[in-house]
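Hi,

Here is the model we talked about, ready for you to open in your viewer. Have a look around first, and then read on for what turned up in it.

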There are 2 protein chains.
Amino acid sequence: MAEEKEAKNPVQSAERIFQVMEMLAENGEMGLMEISAALGLHKSTVHRLLMSLIYMGYAKQDEGSQKYMLTCKVVSMSGKILERMDILQIARPYLERLSDLSGETVHLVQREGNNILYVYKIEAKVGTIRMVSHVGMVHPMYCSGVGKAIMATLPEREVRAIWDGSEIERHTDKTIVDYDRLQRELSEVRRDGYALDDEENEKGVRCIAACLYGYKKEVTHAFSISGPTSRMTRERVRELAVDVKKVQEELSREIGYYK
Amino acid sequence: MAEEKEAKNPVQSAERIFQVMEMLAENGEMGLMEISAALGLHKSTVHRLLMSLIYMGYAKQDEGSQKYMLTCKVVSMSGKILERMDILQIARPYLERLSDLSGETVHLVQREGNNILYVYKIEAKVGTIRMVSHVGMVHPMYCSGVGKAIMATLPEREVRAIWDGSEIERHTDKTIVDYDRLQRELSEVRRDGYALDDEENEKGVRCIAACLYGYKKEVTHAFSISGPTSRMTRERVRELAVDVKKVQEELSREIGYYK
DNA sequence: GCATACCGTTCCATATTATGAAACTTTTTG
DNA sequence: CAAAAAGTTTCATAATATGGAACGGTATGC
């Protein structure tokens, strides 16, 4: 009988308060009973937690519907976190250069376990098609150019762990759904120095990505240029690859990576 | 002896947890004792709160320095909040149109008491000068074009209240620092239908702004085009005013405002 | 190189705080 | 208009957070 001393949150009410917040962030406006039922907490408890959130300015109650929702106070906190993020501040001008010369959407992402988190986005300067991505969005690694760019720097067993830890979902008919193909593609990424996402994630969207070396021992960040297949022809991607690799090199060097 | 039954937070530890988070968001990496001293809480208490934040994924501890900092988990929460914000989703294409035709920085802001909060920003498509603004940033109303656009819709006593509730700070030699001038400018805004910020907030930056009608009874949102004085000449501003007012009208109508 | 001071961490008895049942009020629904 | 559901308030009780104290590690100063 293995005595598992499982780690537990030392502050119960903190845990519950964030459960409520996450619930509201996920579902938008909710009623008290709805939250109570979803979390399995007594309505009296939920009410108290909500009053606390309102008191602190993180939530509010709609006067008409009486439903609860989050305010923008965490948006403000989020902004401060991003402004303090040194890698973002350093990368920004480089990414803007990529945006200027391609006119396409540019992203900077950060690894979070088996997923990547979008921390910066520059909207396309041409065309009217908008990508669904947005700052704060979390996405699986295995089906994104940036994710593959990061995975390509990891030893096989870690790649395997990410694969096993991800829920493999087919988004388009080109989505990678078997591990062998992922491995083959990662070798190509290592060979070429950049990663491609050829409509694997979103129909009609092609993307070229590269990672950033030198921030931590393990690679944690990557960036990409994405656009509609109409403009992002295979040929154009090959052209952009030159710029992407150049930015990768310069930026990695500025961050502190040599060779 | 007026028995003031001041409202208090019904969940003490929630209050403290957010005090810790806000502290870290404001100051970045901090040591345990530093937080403890700043908040006047016992180090043991702060430690427990931090362990809770780490457990939930909102904070982490640097292995080297042992200092604590926030992770990007609230960035993710923030992203979800913004994606649910209907007015932002509706306004986005209109603001992009303004961005396309001007090439300058475009903002959408939301009133938060005496301040405005930036909820959306489109970077300038021309030039290399970057504005310091960012999504999540909070700014006083009295010294911004968007702020004046909103204030111009309020009755005098509310304007007065905002003025009194703001810390008047001179940012440039053109910053409004007396109430009479603010009032005069607000009359102009009412007359013209748009607000100007002529280097009042940031040296070398001119901005034209208008509010959005129809979302709530009170006006809560405004948008703007900003750029360096070199490109944003008085004449160009007059030209852009036409587009700004057009977007104001169309957008207000789409939101649900008639006449 | 040793002593001291400082920081971070852990433990624990105690007092405070959060809890949830129940009662009450308001709103919605049939 | 009645009944049900949602939201709010109260309160005794149980559980939780609290902070003093002590421990261990690391940096600082002599």
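A word on terms before the DNA part: a residue counts as near a strand if one of its heavy atoms lies within 4 Å of that strand, and the helices are DSSP runs numbered from the N terminus. Please also keep in mind that this is a predicted model.

With that in hand, which helix gives the most to the surface near DNA strand D? That is α3(B), with 4 residues. At least two residues each come from α1, α2 (32-39) and α3 of chain A, and from α1 and α3 of chain B. In total 20 residues surround DNA strand D, and the closest are Gln12(A), Met33(A), Tyr68(A), Arg16(B) and Arg48(B). Of the strand D atoms that come within 4 Å of the protein, 64% are sugar and phosphate. By class, this surface has 5 nonpolar, 11 polar and 4 charged residues.

Some of the phosphate contacts on strand D go to the protein backbone. A polar backbone atom of Gln12(A) is 2.4 Å from a phosphate oxygen of strand D. For Pro10(A) the corresponding distance is 3.1 Å, and for a polar backbone atom of Ser13(A) it is 3.4 Å.

Now the other strand. DNA strand C is surrounded by 19 residues, with Arg16(A), Arg48(A), Gln12(B), Met33(B) and Tyr68(B) the closest. Within 4 Å of the protein, 66% of the strand C atoms belong to sugar or phosphate, and the rest to bases. The nearby residues divide into 5 nonpolar, 11 polar and 3 charged.

Here, too, there are contacts to phosphate oxygens. A backbone N or O atom of Met33(B) sits 2.7 Å from one, and a backbone N or O atom of Pro10(B) lies 3.2 Å from one. Thr45(A) uses its side chain instead: an N or O atom there is 2.9 Å from a phosphate oxygen of strand C. The elements giving two or more residues to this surface are α1 (12-27) and α3 (43-56) of chain A, plus α1 (12-27), α2 (32-39) and α3 (43-56) of chain B.

How are the two protein chains related? A rotation of 180° with 0.0 Å of shift along its axis superposes chain A on chain B, with an RMSD of 0.1 Å. That is the relation of a two-fold axis. Both copies use the same surface, as 100% of the contact residues of chain A recur in chain B. If you want to find the axis on screen, go to Ala14(A): of the residues of chain A, its C-alpha comes closest, at 2.8 Å.

Chain A itself has 9 helices and 8 strands. Its C-alpha atoms fill a box of roughly 60 × 55 × 40 Å along the principal axes. Of its 259 residues, 53% are buried. Among contacts in chain A with a separation of 6 or more, 56% are between residues 24 or more positions apart.

Two loop residues in chain A are worth a click. Is Met131(A), in the loop between β4 (115-122) and β5 (138-140), buried or exposed? The cut-off for buried is under 20% relative accessible area, and Met131(A) has 14%, so it is buried. Leaving out residues up to four places away in sequence, Met131(A) touches Thr105(A), His107(A), Lys121(A), Glu202(A), Val205(A) and Ser226(A). Val205(A) is 74 residues from Met131(A) along the chain, yet their C-alpha atoms are separated by 8.6 Å.

The other is Ser166(A), in the loop between α7 (156-165) and α8 (179-192) of chain A. With a relative accessible area of 12%, Ser166(A) is buried as well. Its contacts, again not counting residues up to four places away in sequence, are Asn114(A) and Tyr142(A).

Last, a helix in chain B. The buried residues of α7(B), which spans residues 156-165, are Val159(B), Ile162(B) and Trp163(B). Seen down the helix axis, they fall within an arc of 100°, so they line one face of α7(B). An α-helix has 3.6 residues a turn, so residues three or four places apart point the same way. What covers the buried residues of α7(B) includes β3 (105-112), α6 (145-151) and α8 (179-192) of chain B.

Cheers

How values were computed. Residues are numbered from 1 along each chain as its sequence is written. Chains are lettered from A and ligands numbered from 1 in the order in which they are written. This is a predicted model: local features need pLDDT of at least 70, side-chain atom pairs count only at pLDDT 80 or more; totals for chains, interfaces and linings use all residues. Side-chain values use heavy atoms; hydrogens and water are left out. Buried means under 20% relative accessible area, exposed over 50%, partly exposed in between (1.4 Å probe, protein chains only). The arc is that of the directions from the helix axis to the C-beta atoms. Contact means heavy atoms within 4.5 Å. A polar contact is a pair of N or O atoms within 3.5 Å; within protein, one must be able to donate a hydrogen and the other to accept it, and residues adjacent in sequence count only if both atoms are side-chain atoms. Ala, Val, Leu, Ile, Met, Phe, Trp, Tyr, Cys and Pro count as nonpolar, Asp, Glu, Lys and Arg as charged, and the others, Gly among them, as polar. Copies are superposed by least squares on the C-alpha atoms of residues with pLDDT of at least 70 in both.
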